[in-house]
Amino acid sequence: MNEKARLSRREFLSVAAGTVVAIGLPGLFATVAEARQAELAGLLRPDGRPRVPPGQTVIERIEDMGGRPGSPRPEDFALRVQGEVATPLELDFQGLMDLGQQDFTCDVHCVTGWTLLDAAWRGVSLSTILDRAQPTADARFVVFQAAHGYTTSIPLTEASKPDVFLAHSLFGAPLPGPNGGPVRGVVPDRYFYKSAKWVEGIKIVARDERGYWEKRGYSNSADPWKEERYSR
């Protein structure tokens, strides 16, 4: 990948004539003090991997971030679940709220190099939605479809994990529009571009479909512990 493409992602610039949304700028982040960074770097997850993946800097919070978002209004939210499923679904915001709500606490890792620990969300496990839709025997991947044509995909096995979810709240408040509200995906064990903001659809497919950033040179697997930032 050329340096222009790397810079474009790192600074989260709007691209494609403004149709894909900027997420934020490094200068907006409040980083944790250096001594604390060293302490956090020594922490391990239950699976034995470091709590902070290599190449990441822990931040204290994420400020509101710019760009052209989807509608933040819950009344405008509509989620369509389709593709390789026995039971296609259409959910408005209340329909999503009527599903089993859960609290989730997870770490978030951005491909640009920041990590937010213990982000507290509320939402619906993606597995709850998949159970209702009943993926067919041919289903292998889940494609998130979001505002302004943004897409990204993850394997169905990843989507079915209990800690992958659709979030409508962050730190006890409705999810802000600039952070993907009213509803965004959260895939904790992948770089954050796999956690699509302003989700509008979930498509279950037999063959993978590369998403917006993946088509532009970013890793499709996006494993932070392997530093899979860019395609090889």
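Visitor: What does it take for a residue such as lysine 194 to count as buried?

Guide: Buried means a relative accessible area under 20%, exposed means over 50%, and partly exposed lies in between. This is a predicted model. In it, lysine 194 has 0% relative accessibility, so it counts as buried.

Visitor: Which residue forms a salt bridge with lysine 194?

Guide: A salt bridge needs a side-chain nitrogen of Lys or Arg within 4 Å of a carboxyl oxygen of Asp or Glu. Here the partner of lysine 194 is glutamate 214, and the closest N and O atoms are 2.7 Å apart. Lysine 194 sits in the loop between strand 11 (184-186) and strand 12 (199-205), while glutamate 214 belongs to helix 6 (residues 212-215), so the salt bridge ties together parts that are 20 residues apart in sequence.

Visitor: Is glutamate 214 buried or exposed?

Guide: Glutamate 214 counts as buried, because its relative accessibility is 4%.

Visitor: How many salt bridges does the structure hold?

Guide: There are 15. One of them joins the side chains of glutamate 158 and lysine 161, at 3.0 Å from N to O. Glutamate 158 is buried, with a relative accessible area of 4%, whereas lysine 161 is partly exposed at 33%.

Visitor: Which residue forms a salt bridge with glutamate 209?

Guide: That residue is lysine 203, with 3.1 Å between the closest N and O atoms. Glutamate 209 has a relative accessible area of 30%, so it is partly exposed. Lysine 203 counts as partly exposed too, at 21% relative accessibility. Salt bridges can also share partners: Arg45, Asp47, Arg49 and Asp189 are joined into one network in this way.

Visitor: Now the sheet. In what order do the five strands stand?

Guide: The order is 4-3-12-7-8, in an open sheet with mixed pairing. To read such an order, look for the strands at its ends. Strand 4 (89-92) and strand 8 (151-155) stand at the edges; each has a single partner strand, so one side of each is left without a neighbour in the sheet.

Visitor: By how many degrees are neighbouring strands turned against each other?

Guide: On average the turn between neighbouring strands of this sheet is 15 degrees, with direction ignored.

Visitor: In which sense do strand 3 and strand 4 pair?

Guide: Strand 3 (residues 78-83) pairs with strand 4 in the antiparallel sense, over four bridges. To follow the pairing in the model, begin at alanine 78, which stands opposite aspartate 92 in strand 4.

Methods. Residues are numbered from 1 along each chain as its sequence is written. This is a predicted model: local features need pLDDT of at least 70, side-chain atom pairs count only at pLDDT 80 or more; totals for chains, interfaces and linings use all residues. Side-chain values use heavy atoms; hydrogens and water are left out. Two strands pair if DSSP finds at least two bridges between them. Helices (H or I, at least four residues) and strands (E, at least two) are DSSP runs, numbered from the N terminus. Axes are lines fitted to C-alpha atoms, for helices over the stretch in contact, and angles run from 0 to 180 degrees between N-to-C directions. Buried means under 20% relative accessible area, exposed over 50%, partly exposed in between (1.4 Å probe, protein chains only).
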